[in-house]
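Student: Please take one part of this model and look at it closely. I would like cut-offs with every term.

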Amino acid sequence: MIIAKQMDVRSNIKKYFDMAYNGEAVVVPRKENKNIVIISETMYNEMMSRKRVTEYAERIASGVMEKAAPKRERPSDVRSFNLGKLEKIAALANGWNGNGAPAIPKELVERVRRLLHALTIQPEIFPTALCSIQFEYDNTRRDHMEIEIGAGEEAEVFIVRYDGTEYFESVSADPDAINELVGDFYG
Amino acid sequence: MDNTFPAEEKLFRAVYPPEVVEMFWRFDGKVSSAAFADPRGLSVDREGERSFRQAAASMKERFDGRILFLRVKNCTEIGALVRYLPSPDNPYHSEIHGSESAVLLSKVQRRHLADKAVIVS
């Protein structure tokens, strides 16, 4: 481990990056103990791997094992599956979440039904206690997109990229706009 | 118990509606972030002084459907607050709020909690 002043690192950044790349941890002390450590990607990956193993061992030791996720086969006809699920969402009564959530309005159910019929790529759909229905998409890059359809003309869009970057936008809640958005997401 | 929550304390949540158990489960086996949108505050039972098994068993006795848990640190690391709000019939009742001034969790917070949630049953 090497301790280097911030100014020294700034003026000799290549030297310290090379040291880190070759396996040395470079500690840069800062005020109020807000210190920084520069390490190589290899060392970082090893640390994260050890952390995951440790967390797994802790879970076993505490008897808290994550149950196998109840994975389900993606239906061959997702549109039919979604339309069936939408009927179940439409049937939810007031207070369906155990905490006073209102029933999903019929107009919203109809709107989502029309969207599902028109969307080229089908989402997974979920009700919310906010009188809205959430569409979720995941692409092969491991990006995640949520489109929240509510009473308004605009749908709220939330995207989390594989690297953790987050984006918010709104889009017109009509089939053309959503098809274009989803096309871009998978493109 | 008071309003102090250790970072590793577990918070148990029953995912409704019990009559449609798979409503919030995605094809990949994860819970949807939509299950964490509650404008009245996300009700949970804190583990408290109980063992994990005792707390989980208590949840299973009182709720149908799926039970999951989060850790307090999962909430605090994204700026959400855990409030201890015991009720006469549930001394472990607590709520997760978006912030001091907002009860509803933000989309970012909901997504994070959905990602961290561990299924108990």
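Tutor: Here is a close look at one helix, followed by a small sheet.

This is a predicted model, in which local features need pLDDT of at least 70, side-chain atom pairs count only at pLDDT 80 or more, and totals for chains, interfaces and linings use all residues. Residues are numbered from 1 along each chain as its sequence is written, and chains are lettered from A and ligands numbered from 1 in the order in which they are written.

Helix α4 of chain A covers residues 78–90. Helices (H or I, at least four residues) and strands (E, at least two) are DSSP runs, numbered from the N terminus. From first C-alpha to last, the 13 residues of α4(A) reach 18 Å, close to the expected 18 Å. That expectation is 1.5 Å times one less than the number of residues.

Buried in α4(A) are A:Asn82, A:Lys85, A:Leu86 and A:Ile89. Buried means 20 or more other C-beta atoms within 10 Å of the residue's own; exposed means 12 or fewer; partly exposed lies in between; C-beta atoms are placed from the backbone. Seen down the axis, the buried residues of α4(A) fall within an arc of 110°, so they line one face. The arc is that of the directions from the helix axis to the C-beta atoms. An α-helix has 3.6 residues a turn, so residues three or four places apart point the same way.

The buried residues of α4(A) pack against α5 (106–118), β4 (124–127) and β5 (133–138) of chain A. Contact requires C-beta atoms, placed from the backbone, within 7 Å. On the other side of α4(A), A:Ser80, A:Gly84 and A:Glu87 are exposed.

Now the sheet. Chain A has an open sheet of three strands, ordered β1-β2-β3, with mixed pairing. Strands pair if DSSP finds at least two bridges between them. β1 (2–3) and β3 (36–38) of chain A stand at the edges with a single partner each, so one side of each lacks a neighbour in the sheet.

Note on methods: Contact = placed C-beta atoms within 7 Å.
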